[in-house]
Amino acid sequence: MSGRIEQLESGEVIRCIDPRSGAETVTLPCTPIDQLPAIVSRARVAGRAWAALPLPERRAALGRLRAAFLGRAGDVVQLLAEECGRPAGEAWTSEVAANNGLFGWWIDNIDDLLCPDRLSLSPQEYPKKRGLVRLEPLGVIGLIMPWNFPVALPLRSMVPALLAGNAIVLKPSEHSPRLGALLGELCAATLPADLVQIVQGGAPQGAALIDAGIDRIIFTGSVRTGRKVGQMAAERLIPASLELGGKDAALVLPDADPDRVAAGVAWAAFGFAGQNCAAIERCYVHASIYPAVLEKLVARAKALRPLVDLGPLVTEAQLQIVRQHLEDAVAKGARVECGGQAPGPGWFHQATVLSQVTEDMTLMQEETFGPLLPVLPYTDLDAVIDRVNGTDYGLTTSIWTRDLAAAEAMAGRFECGVVTINNHAFTGALPAASWGGVKNTGHGVTNSRFALYEMVRPRTVVTDAMGGDREMWWYPYNDALVDAASGLVELSRAGGSKLQGVRTALSGLLNRWKVST
Ligand code: NAD
């Protein structure tokens with residue numbers, strides 16, 4: 001397993017392992033658990049001063065962070081190779097270019113997104129009152145992150161959270177600690193001291209962070225850990241955003257273009273060696289084009305070049321899960337159309353296409369997170385939509401067809417957070433598009449204004465310039481008050497020609513109430 005944690009006399013350390021070779025690279029110290037409360041306290045102090053800055057200053061600071069990030073893009077790509085075995089093509093697109101766009105969108109739109117709502121108050125019911133609903137920072141946000149997108153995932157939460165005025169304590173995965181440290185270094189160079197802090201380690205550090213006085217936890221990871229995180233947060237009454245695993249399906253309709261399907265599905269299944277929460281792990285193809293699509297998918301899978309198109313699994317444990325799912329499928333009658341081997345050294349697994357697959361196989365129900373692609377024929381559309389919806393997960397689904405309008409109409413039938421037509425998964429890189437799921441995939445949202453709403457607290461501020469000692473809701477309660485209040489209700493019920501008469505009557509009632517005792 002890469003990122004092995006060991007207890008030495010000098011303290012806990014992470015031994016980093018290059019998944020391409022299985023060789024140990026460097027050793028990093030873990031953050032001592034007892035330091036977590038002080039880390040969160042320092043972040044809180046830094047966060048208060050940060051939140052008090054005018055928004056243009058926070059925007060400018062995030063612009064400096066963006067420039068620093070782009071200036072170290074080569075190091076990001078190099079570390080992604082060493083820690084995650086990521087091919088350069090994937091590193092540059094998903095972890096550098098996409099993050100440049102992420103910074104740009106939030107910096108350009110944050111003023112509008114944080115703009116307070118002005119309350120529209122009826123002068124009859126609430127005379128001389130005005131109000132705003134402001135969006136204010138939560139305080140200190142804890143991030144516990146996985147290894148599969150070790151730069152993009154933290155940044156998707158950090159950028160809006162910081163712009164909104166929050167401080168951050170980030171615990172990267174123990175399998176990608178050097179990328180976490182690099183993010184910390186960039187923040188330290190461009191943002192106020194202590195505003196973003198990095199906690200290194202595994203489960204104990206993650207649990208200690210939730211316990212250290214944070215105001216929200218944003219967790220991305222497995223369902224198993226997500227349940228524990230959700231329980232801990234509930235006990236402490238802090239909100240938790242949980243973005244968990246997936247079991248995405250592609251649904252290929254009879255009119256789809258087999259060449260586009262094969263190219264797109266092969267990328268979405270084998271890209272990142274399948275270690276994408278939105279990887280296609282099930283592909284349902286209409287029987288009329290099944291042979292053609294299967295043949296083209298096999299050709300695509302066989303053509304993938306190790307390290308250029310297909311990296312290794314990040315951990316040995318992940319490789320074992322892939323092997324177990326494959327062995328279970330083969331034992332239950334699946335046929336390996338291509339791939340199927342795990343050639344060492346390192347944690348590589350060949351891109352593997354399977355046919356003769358049934359829904360009871362483990363690889364059809366549990367998240368594999370590896371380069372296995374079961375391809376299944378279907379004939380009945382309603383029945384296959386039930387099968388697409390038939391797992392415990394619900395992150396994204398894709399529909400492949402030439403009939404775009406029909407597919408858009410069909411999108412509402414899927415139990416998931418994102419539907420993509422003739423493409424898959426890339427929308428995670430669109431900062432304006434919400435990303436999240438249903439069922440065991442959890443309820444957190446990243447990207448879009450809906451993600452921002454998880455990082456702010458609405459605060460209503462109402463000002464009353466009425467003066468005097470009379471207010472309709474105050475004492476004394478008397479008949480005049482009841483008549484005036486019921487008159488207001490009547491006013492909203494009345495319409496058209498009756499309205500003027502009711503207004504006149506109401507004005508009389510209000511005057512009567514004002515002089516009543
Ligand atoms: P994981 O659950 O093993 O670990 C995630 C993080 O939680 C790590 O930082 C880990 O150290 C920490 N952790 C472990 N135990 C903990 C505990 N008891 N308390 C607090 N923190 C703890 O997940 P992983 O293997 O790193 O990531 C892969 C998973 O992430 C997959 O299931 C994948 O689908 C999911 N994922 C989901 C999304 C999404 O958008 N829904 C995105 C990326 C990854």
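**Pockets, a cavity and one buried side chain**

Modeller: By class, 21 nonpolar, 15 polar and eight charged residues make up the lining of the largest pocket, and I should add at once that the model we are reading is predicted.

Colleague: What volume does the largest pocket have, and which residues lie nearest its centre?

Modeller: The volume of the largest pocket is about 1,300 Å³, and 44 residues line it, with W147, G221, S222, R224 and T225 nearest its centre. Two or more lining residues come from each of helix 5 (152–163), helix 7 (203–210), strand 9 (216–220), helix 8 (223–235) and helix 11 (316–331), and helix 8 gives the most, with six residues.

Colleague: Where does the largest pocket lie with respect to the domains?

Modeller: A pocket can be placed by asking which domains give residues to its lining. The chain is divided here into domain 1 (36–244 + 449–458), domain 2 (248–437) and domain 3 (472–511), and because domain 1 and domain 2 both give residues to the lining of the largest pocket, that pocket lies between them.

Colleague: Why does the second largest pocket lie where it does, and which element gives the most to its lining?

Modeller: The same reasoning applies: domain 1 and domain 2 both give residues to the lining of the second largest pocket, so that pocket also lies between them. About 590 Å³ of space lies within it, and E90, T93, W267, G271 and F272 are nearest the centre among its 30 lining residues. Helix 4 (88–113), helix 5, helix 9 (258–270) and helix 10 (290–302) each give two or more residues to this lining, with helix 4 giving the most, at six.

Colleague: Turning to cavities, how many of 30 Å³ or more are there, and which residues lie nearest the centre of the largest one?

Modeller: There are five cavities of 30 Å³ or more, and the largest holds about 90 Å³ of space. It has 15 lining residues, of which R282, V388, Y393, G394 and T397 lie nearest its centre, while strand 11 (248–252) and strand 16 (396–400) each supply at least two residues of that lining.

Colleague: Is N422 buried or exposed, and what does its side chain reach?

Modeller: Burial is read from the relative accessible area, with under 20% taken as buried; N422 is therefore buried, since its value is 15%. N422 sits in the loop between strand 17 (418–421) and strand 18 (435–436), and its side chain reaches the backbone oxygen of T401 at 2.8 Å. Leaving aside residues up to four places away in sequence, N422 touches R260, I399, W400, T401 and L404.

Terms used:
Residues numbered from 1 in each chain as written. Predicted model: local features only at pLDDT ≥ 70, side-chain atom pairs only at ≥ 80, totals over all residues. Heavy atoms only, no water. Helix = DSSP H or I, 4+ residues; strand = E, 2+ residues; numbered from the N terminus. Buried < 20%, exposed > 50% of the residue type's maximum accessible area, 1.4 Å probe, protein only. Polar contact = N/O pair within 3.5 Å; in protein donor to acceptor, adjacent residues only side chain to side chain. Contact = heavy atoms within 4.5 Å. 1 Å grid on protein atoms, 1.4 Å probe; cavity = no way out; pocket = protein on both sides within 12 Å on 5 of 7 lines; lining within 4 Å. Points joined across faces, edges and corners; volume = space filled by probe spheres on them. Domains from an automatic or database assignment. Nonpolar A, V, L, I, M, F, W, Y, C, P; charged D, E, K, R; others polar.
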